[in-house]
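I opened the notebook to record what I looked up in this structure. The entries follow in the order I made them.

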Amino acid sequence: MRPATQYTKSGRINIAYQVFGSGSIDLVYIPGWVSNIDWMWACPELVDFLQELGKICRVILFDKRGTGLSDRVVELSTLEERMDDIRAVMDAVGSEKAILFGHSEGGCVSALFAATYPNRVISLIAFGIFAKRRYAPEYPWAPTDEQRQVVYDMIENNWGSGDMNLESLAPSKADDRVFMDWLANYFRSGASPSAAMVLTKMNTEVDIINILGSIKVPTLLMQRTHDIDVKVEEGRFIADRIKEARFVELEGNDHLFWVGDTRAVLEEMKAFILNTNPVKVYEERLYTILAARIHPPELGSSNIEELISKLVIQYRGKIVVYGQHSFVAIFEGPSKAAHCSIDMIGALKSKNVQLTIGIHIKEGAVDQAHFIGDKTQSIITSILAPAQPNQILITQAVKFLLSGAGLNFTQYKTILESTSGETLSLYQITDHLESNDKPADFLGRPLFQNDSFLENVLQIIDKHLGDEMFGVDMLCREIGMSERQVQRKLKAITNKAPNQLISSVRLHRAKELLLDNQHNIAEIAFQIGFSNPSYFSKSFKREFGQSPSDILQDRY
């Protein structure tokens with residue numbers, strides 16, 4: 001029996017989830033690529049697998065933002081935002097600690113979550129996982145750019161049809177037309193063609209190799225020997241870099257874990273789940289470090305200190321060192337640190353103060369009183385040494401995790417870290433250099449309550465939801481950016497123009513109101529800024545493939 005679909009908010013994005021099972025241990029399943037948690041229950045093979053897990057676990061399923069039953073107002077998201085979605089779902093179901101089970105692409109965000117929040121993870125299980133999706137000499141099993149282009153062309157021309165080469169994901173089911181039809185429908189219902197395209201391109205840029213050594217939780221990696229989509233060598237490579245990881249190589253060539261010899265997969269998972277003794281508390285976790293120098297050294301100014309502190313707190317960061325000429329802050333992820341850096345440089349321009357900022361990702365003590373040791377200080381010094389005022393320099397490890405953040409980078413230089421002898425490739429974030437707008441007086445107005453550009457945009461749209469005159473001009477004024485900047489950033493993050501995003505947010509809110517069944521269609525149209533109910537109905541059907549009246553009928 002299919003469990004009830006519920007929703008929770010991750011920021012302002014609705015995340016769909018389901019919970020089932022009679023076990024006492026929580027397990028969160030993070031699907032690969034795209035998913036639809038309702039359509040999962042239309043596949044007998046997948047249902048059987050999930051129900052077996054439900055005998056020993058409370059199983060938690062969810063659709064990542066932009067896919068499946070979750071909000072489609074955003075089609076592209078960073079690994080960091082998807083970590084926030086996992087955390088939001090765990091909080092919604094009261095799960096303090098859970099096993100993470102990541103499949104394929106879902107293994108990347110599972111690995112990053114385990115390194116960043118080890119005290120919320122019992123153990124990590126991954127099937128068919130990869131560490132990067134672009135060929136490199138040190139990672140020769142990933143597809144070349146030419147091979148990735150073949151995938152892009154398939155999505156562009158054949159999304160959801162019988163020409164998707166889905167047989168490569170489940171060769172043992174190639175002649176089972178019922179299964180292959182379900183799989184095509186599953187992908188088609190999981191994402192639009194444009195969402196599938198931007199998600200695939202984002203995956204091409206992701207690289208989690210540098211964070212693998214920071215995973216300390218018990219880890220089980222499974223891979224089929226002849227998997228065409230993700231090579232078995234990738235699983236071996238990853239297992240070698242995670243301390244005490246257990247790697248299990250299984251016979252077969254299916255990339256999907258719920259077809260082929262599923263009994264062997266289930267036996268490995270059950271044995272690992274039941275025999276793992278979780279560590280109670282981890283003393284270290286993965287952090288993003290933001291280090292800054294101030295020019296001139298005006299840190300004695302209470303206004304400067306207050307402004308920096310407000311912005312760091314807004315992005316869920318914490319200042320761990322505040323000196324006369326510099327400061328160090330830590331964040332839960334690189335996107336928060338990068339966007340905070342851009343805002344700080346913009347805010348301090350009005351005070352005639354400049355910042356030089358370096359961002360790196362590394363392990364640090366959960367006890368933050370002893371966070372900045374000699375090695376960390378040496379890395380900070382090395383990154384900041386070549387930087388100029390108003391520059392934001394990031395390491396390559398940070399850049400790889402910023403895919404989908406809507407930021408622009410240029411390669412800067414390679415440095416040698418003096419203490420460890422480690423070579424670090426540095427990149428410069430250039431977004432804040434493009435603006436000639438007058439600096440905003442951040443202390444003269446309330447700061448946004450959200451920690452990303454997209455969240456702030458959604459907050460503004462929400463505030464003006466019923467105003468039919470609200471449009472791109474007003475959005476740009478309130479966000480404090482030029483129309484060109486807003487257009488570029490929203491296109492990069494959501495694959496939508498600003499007016500398309502405004503319409504999409506309104507229509508998704510209308511759908512929520514229809515499901516609440518408290519108002520008629522005309523009333524809802526006026527509430528979300530449509531003066532013409534007929535035009536509202538046409539727009540609604542174009543967005544969801546159903547008319548408002550269809551939604552109301554489905555409730556009965």
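Entry 1. I looked up which residues line the second largest cavity of this predicted model. I noted I289, A291, G358, I359, H360, K362, T376, I379, I380, I383 and L384. The space inside the second largest cavity is about 50 Å³.

Entry 2. I asked which elements supply at least two residues each to this lining. They are β9 (284–295), β12 (354–365) and α11 (374–384). I found that α11 contributes the most, with five residues.

Entry 3. I sorted the lining of the second largest cavity by class and got seven nonpolar, three polar and one charged residues. For the whole model, I counted six cavities of 30 Å³ or more.

Entry 4. I turned to two helices, α13 (residues 453–463) and α16 (residues 498–516). They pack at an angle of about 65 degrees, and their axes are 10 Å apart. I recorded the crossing of α13 and α16 as right-handed. On the α13 side the contact is made by L454, V457, L458, I461 and D462, and on the α16 side by L501, I502 and V505. By class, I listed seven nonpolar residues, one charged and no polar ones in the contact of α13 with α16.

Entry 5. I checked the confidence last. The protein chain has an average pLDDT of 87, and 92% of the residues score at least 70. I then asked where pLDDT stays under 50. I found this over residues 436–450, for which the model has 37 contacts beyond four places in sequence.

Technical notes: Residues numbered from 1 in each chain as written. Predicted model: local features only at pLDDT ≥ 70, side-chain atom pairs only at ≥ 80, totals over all residues. Heavy atoms only, no water. pLDDT = per-residue confidence, 0-100. Contact = heavy atoms within 4.5 Å. Axes fitted to C-alpha atoms, helices over the stretch in contact; angles between N-to-C directions. Helix = DSSP H or I, 4+ residues; strand = E, 2+ residues; numbered from the N terminus. Left-handed = near helix turned anticlockwise from the far one by under 90°. Nonpolar A, V, L, I, M, F, W, Y, C, P; charged D, E, K, R; others polar. 1 Å grid on protein atoms, 1.4 Å probe; cavity = no way out; pocket = protein on both sides within 12 Å on 5 of 7 lines; lining within 4 Å. Points joined across faces, edges and corners; volume = space filled by probe spheres on them.
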